[in-house]
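Open the structure in your viewer and keep the selection tool at hand. The tour below goes from one selection to the next and says what is found at each stop.

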Amino acid sequence: MNHPALFLTACIAGTLIACSSPYASEMDLLLTESHGALVALQSLHEDGIEADYADLERHASIARTKPFDSVHETFFRNEFEVLKYHYRQTSRWFELQSEVEWEAALKFGIQQVENLQHDAANGLLDDEAVRQALEAEKNALLPLIAEVKTSCAAMRELMAQHDSLDNHWQMMWDRWENPTL
């Protein structure tokens, strides 16, 4: 067996582990959280958020045509408030366009952390420089990740209720003019 080659391999592996070990797990965790937030953001589209919003726009448009009358007062007080809430929340999601900014910021942050991992693993930065850079990335990414996850969870909650509310509102419109339906 070639002992110098084995020694060289052990030294290289030890050096890589030593270079990356102090902050490697923190960087991995930050990347995992960032990727999770990005997936949560992107999966809303795959799960039909645009279709849900189109339905809400249709129902809101119909509701705007209904003049108040005492016969339908409970609808105005209850059903329209629920519709208004769902429509406002979903409208904000699309109108603020923060989703595009969030996605770009997450992708940029992921790239920065991957670059930092590379530099740390290859000994291009000392431990203190890695720590400072990692703290800067955490300060940028962690609040963003929290905001994205919270917003996505709120949209998912609205989307989970959508089908039953969509059917409910459609039945309400059908019965509005013809109460015998």
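## Salt bridges and one acid without a partner

The structure, a predicted model, holds eight salt bridges. Several of them are visited below, after a look at the whole chain.

**Whole chain.** Colour by secondary structure: the chain has five helices and zero strands, and its pattern along the sequence reads α-α-α-α-α. Of its 181 residues, 32% count as buried. The accessible surface comes to about 11000 Å², and carbon and sulfur atoms account for 58% of that area. Now consider contacts between residues at least 6 apart in sequence: 88% of these join residues at least 24 apart.

**Select Lys 149 and Glu 33.** Their side chains form a salt bridge, with 2.7 Å from N to O. This pair links distant parts of the chain, since Lys 149 sits in helix H5 (residues 127-177) and Glu 33 in helix H1, 116 residues apart. Lys 149 is partly exposed at 34% relative accessibility. Glu 33 is also partly exposed, with a relative accessible area of 28%.

**Select Arg 58 and Asp 166.** Here the side chains meet in a salt bridge at 3.6 Å, N to O. Arg 58 belongs to helix H2 and Asp 166 to helix H5, so the bridge ties together parts of the chain that are 108 residues apart in sequence. Are the two partners buried or exposed? Arg 58 counts as partly exposed, at 35% relative accessibility. Asp 166, at 14%, counts as buried, because the cut-off for buried is under 20% relative accessible area.

**Select Lys 138 and Glu 135.** A salt bridge joins these side chains, with a distance of 3.5 Å from N to O. The two residues are three apart in helix H5, so about one helical turn separates them. Glu 135 is partly exposed, with a relative accessible area of 30%. Add Glu 26 to the selection: salt bridges that share partners join Glu 26, Glu 135 and Lys 138 into one network.

**Stay on Glu 26.** This residue lies in helix H1 (residues 3-46) and is partly exposed, with a relative accessible area of 28%. Which residues does Glu 26 touch, not counting those up to four places away in sequence? They are Leu 134, Glu 135 and Lys 138. The side chain of Glu 26 makes a polar contact with the side chain of Lys 138, at 2.6 Å. Measure from C-alpha to C-alpha between Glu 26 and Glu 135 and the viewer should give 9.9 Å, for residues 109 apart in sequence.

**Select Asp 52.** The last stop is in helix H2 (residues 49-64), where Asp 52 is found. Side chains of opposite charge can pair when their charged atoms come close. Which side chain of opposite charge is nearest to Asp 52, and how far away is it? It is Arg 156, at 8.2 Å. A salt bridge requires the nitrogen and the carboxyl oxygen to lie within 4 Å. Asp 52 is buried yet has no salt bridge. Show its surroundings as sticks: leaving aside neighbours within four places in sequence, Asp 52 is in contact with Met 159 and His 162.

Methods:
Residues numbered from 1 in each chain as written. Predicted model: local features only at pLDDT ≥ 70, side-chain atom pairs only at ≥ 80, totals over all residues. Heavy atoms only, no water. Helix = DSSP H or I, 4+ residues; strand = E, 2+ residues; numbered from the N terminus. Buried < 20%, exposed > 50% of the residue type's maximum accessible area, 1.4 Å probe, protein only. Lys, Arg positive; Asp, Glu negative; His and termini not counted. Contact = heavy atoms within 4.5 Å. Areas by Shrake-Rupley, 256 points an atom, 1.4 Å probe, with all protein chains shown as cover. Polar contact = N/O pair within 3.5 Å; in protein donor to acceptor, adjacent residues only side chain to side chain.
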